[in-house]
Amino acid sequence: MVVEDESIVAKDLQNRLKKFGYAVPVVAASGEEAILRASESHLDLVLMDIRLKGAIDGIEAARQIHHRFQLPIIYLTAYADDDTLARAKQTQPYGYILKPFKERELNTTIEITLARHRLERQLQEREQWLSTVLRSIADAVITIDTTGLITFMNPVAESLTGWQQAQALGKPAIAVFQTEDEATQSILQQPISSFFDASLGMKTAVETSLRCSDGQDIPIEYSITPLQNDQHLVMGAILVFRDRTEQLKAKAAIRQQAEQARLVAELQKLNQLKDDFLSTVSHELRTPMSNMKMALQMLTIATNAERQQRYLEILKAECAREIDLINDLLDLQRLEAASYPTFLVEALNLQDWFSSLIEPFRSRLQEHQQVIKIDLPENFPPLITDRASLERMLVELLNNACKYTPAGGQIILKAEQVTSTSPPFESVPLTCLIIQNQAEIPPTELLRIFDKFYRVPHADPWKQGGTGLGLALVKRLVEQLQGNIQVESSHGWTVFTMQLPPLNLVTNPES
């Protein structure tokens with residue numbers, strides 16, 4: 001960061017530094033601004049002018065920056081009087097260059113400063129590391145003779161066990177150092193003398209709980225090392241242990257932080273999805289309105305009756321499209337907001353119901369020279385479900401089948417029963433409803449087929465229409481009925497398969 005209140009001088013200095021190969025992301029014109037920008041930026045070095053505009057000069061700004069952010073400071077000034085130098089020394093600068101300066105002098109001072117600061121930071125890190133190690137070895141220590149009696153306890157061991165050394169000396173170690181089986185919470189009876197096998201060497205750290213003299217349990221980590229003489233004879237053992245309470249708290253805090261970070265990431269993702277959704281909704285709502293506005297404008301200037309009729313048809317179609325879009329959005333919002341969906345449960349005889357379901361499609365099928373086939377086994381059991389939800393789902397899928405099936409193509413509506421192997425409906429007969437049509441969707445597009453506002457690429461919006469919410473509604477309705485829906489497309493066919501459990505089991509699982 002360059003701190004210089006003369007903009008021309010600051011710009012010249014910035015250009016020179018860039019020529020040296022340094023990045024200068026911040027140029028400040030006052031001490032206050034320099035302190036603020038230092039808190040916001042990741043800096044390695046500050047070049048500070050002393051006489052600055054504002055309430056504080058460069059020396060005071062350098063003092064605060066060095067104290068708060070530990071950044072190295074090089075003064076670059078035209079002032080070298082005794083008072084200024086005395087004040088500057090108190091801020092522990094890494095350099096003091098008088099203007100006008102030589103580029104070589106500036107570059108050399110910067111390089112030396114950066115190297116010195118790097119070494120000082122390494123030294124501080126090593127000192128911190130050494131200090132941490134020294135603090136960490138403040139463990140509890142108990143020494144034991146070959147008979148398992150205590151010969152020494154340090155103050156940390158006294159604090160953790162609740163026993164004073166005067167009380168513990170000569171007592172069996174197992175009476176003072178009592179560890180718990182964490183599964184059964186019973187005191188382990190294995191004598192410490194069993195560890196006096198020189199062949200075992202140092203025991204690896206064991207995590208357990210220590211029963212203190214007051215009956216409290218403390219989580220600890222301990223190890224036992226046999227003490228041997230020159231002839232490799234065991235003279236006793238040293239027991240080292242430490243309190244793991246803070247360690248466990250730290251691990252719990254880390255887990256909590258990780259969980260919070262995960263939740264924050266999920267919230268950010270949800271916010272992004274919300275923003276994308278609102279942007280798409282805004283676009284989709286504006287498009288029919290723009291088309292209606294254009295049709296109205298053209299209608300006012302059209303003199304040909306045929307053109308007038310064409311624009312009226314556009315108005316009707318776009319108005320219906322806008323209404324359908326709003327209705328679909330409201331329905332989708334209602335479904336997604338419903339914590340406890342309400343169903344009108346009834347038993348549907350699919351033989352009769354399928355016939356009435358496809359009746360409105362007859363004229364449309366004839367117009368497009370399409371054939372629909374119903375494949376339903378005889379004596380198919382009634383489907384216990386919500387008629388309105390099922391009808392909405394099948395009508396939407398049949399509409400899509402009619403839209404995308406070419407002239408002369410075939411549409412198949414099929415039902416069969418399968419047995420569930422997944423919870424919570426294991427071994428329950430599921431009704432499988434299948435709609436097939438002669439149109440193929442590229443594999444890359446199948447992954448997005450149930451996305452909101454998804455439309456098949458290269459489709460004709462005037463011919464096929466739709467709001468892009470139909471399949472999203474279908475998927476949400478299927479999920480509310482505790483079912484699932486799959487789609488496959490290959491060899492010129494697209495197949496939608498829905499598996500639905502009996503709705504009485506969904507609303508009353510215990511039945």
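This report walks through the fold of one protein chain, from its overall make-up to single residues.

## Overall picture

The model is predicted. The mean pLDDT of the protein chain is 82. Of its residues, 85% reach 70 or more. Two stretches fall lower. Across residues 197–201 the pLDDT stays under 50, and the model gives this stretch eight contacts beyond four places in sequence. Residues 460–465 also have pLDDT below 50, with seven contacts beyond near neighbours in sequence.

The protein chain holds 17 helices and 19 strands. It has 511 residues, and 37% of them are buried. Take the contacts between residues at least 6 apart in sequence: 61% of these join residues at least 24 apart. The exposed surface of the protein chain is about 30,200 Å². Carbon and sulfur atoms supply 53% of that surface.

## The five-stranded sheet

Five strands form an open sheet in the order E2-E1-E3-E4-E5. The pairing is parallel. Strands E2 (27–28) and E5 (95–98) stand at the edges. Each has a single partner strand, so one side of each lacks a neighbour in the sheet.

Inside the sheet, strand E3 (residues 46–48) pairs with E1 and with E4. Strand E1 (residues 2–3) is joined to E3 by two bridges, and the two run parallel. Val2 has Leu47 of E3 as its bridge partner. Three bridges link E3 to E4, again in parallel. Here Val46 stands opposite Ile73 in E4.

How many residues of strand E4 (residues 73–77) are buried? Five of five are, so the strand is mostly covered. In a regular strand, side chains alternate between the two faces of the sheet. In E4, Ile73, Tyr75 and Thr77 point one way. Ile74 and Leu76 point the other way. All of these residues are buried.

## Helices beside the sheet

Helix H2 (residues 31–40) has Gly31, Ala34, Ile35 and Ala38 as its buried residues. Seen down the axis of H2, these residues fall within an arc of 100 degrees, so they line one face of the helix. What does that buried set pack against? The partners are E1, E2 and helix H3 (58–69).

Helix H1 (residues 7–20) contains Gln14. Is Gln14 buried or exposed? Its relative accessibility is 11%, and the cut-off for buried is under 20%, so Gln14 counts as buried. Leaving aside neighbours within four places in sequence, Gln14 is in contact with Val24 and Val27.

## Three residues by accessibility

| Residue | Location | Relative accessibility | Class |
|---|---|---|---|
| Gln14 | helix H1 (residues 7–20) | 11% | buried |
| His42 | loop between H2 and E3 | 81% | exposed |
| Asp217 | strand E11 (residues 217–228) | 40% | partly exposed |

His42 lies in the loop between H2 and E3. Its relative accessible area of 81% is above the 50% cut-off, so His42 is exposed. His42 and Met1 are 41 residues apart in sequence. Their C-alpha atoms are 9.7 Å apart in space.

Asp217 belongs to strand E11. At 40%, its relative accessibility is between the two cut-offs of 20% and 50%, so Asp217 counts as partly exposed. Beyond four places in sequence, Asp217 touches Glu180, Leu210 and Arg211. Thr179 is 38 residues from Asp217 along the chain. The C-alpha atoms of Asp217 and Thr179 are separated by 8.9 Å.

## The largest nonpolar core

The largest nonpolar core has 39 residues. Which members touch the most other members? They are Leu350, Phe354, Leu390, Met393, Leu394 and Leu433.

Several elements each supply at least two residues of this core. The helices are H11 (350–358), H13 (387–404) and H16 (470–480). The strands are E16 (410–419), E17 (429–437), E18 (484–490) and E19 (493–500). H13 gives the largest share, seven residues.

Leu350 shows how this core is knit together through contacts. Not counting residues up to four places away in sequence, Leu350 touches Leu376, Phe380, Leu383, Ala415 and Leu433. Leu433 is also among the core members that touch the most others.

Methods. Residues numbered from 1 in each chain as written. Predicted model: local features only at pLDDT ≥ 70, side-chain atom pairs only at ≥ 80, totals over all residues. Heavy atoms only, no water. Pairing = 2+ DSSP bridges. Helix = DSSP H or I, 4+ residues; strand = E, 2+ residues; numbered from the N terminus. Buried < 20%, exposed > 50% of the residue type's maximum accessible area, 1.4 Å probe, protein only. Arc of directions from axis to C-beta. Contact = heavy atoms within 4.5 Å. Areas by Shrake-Rupley, 256 points an atom, 1.4 Å probe, with all protein chains shown as cover. Core = buried A, V, L, I, M, F, W, Y, C linked by side-chain atoms within 4.5 Å. pLDDT = per-residue confidence, 0-100.
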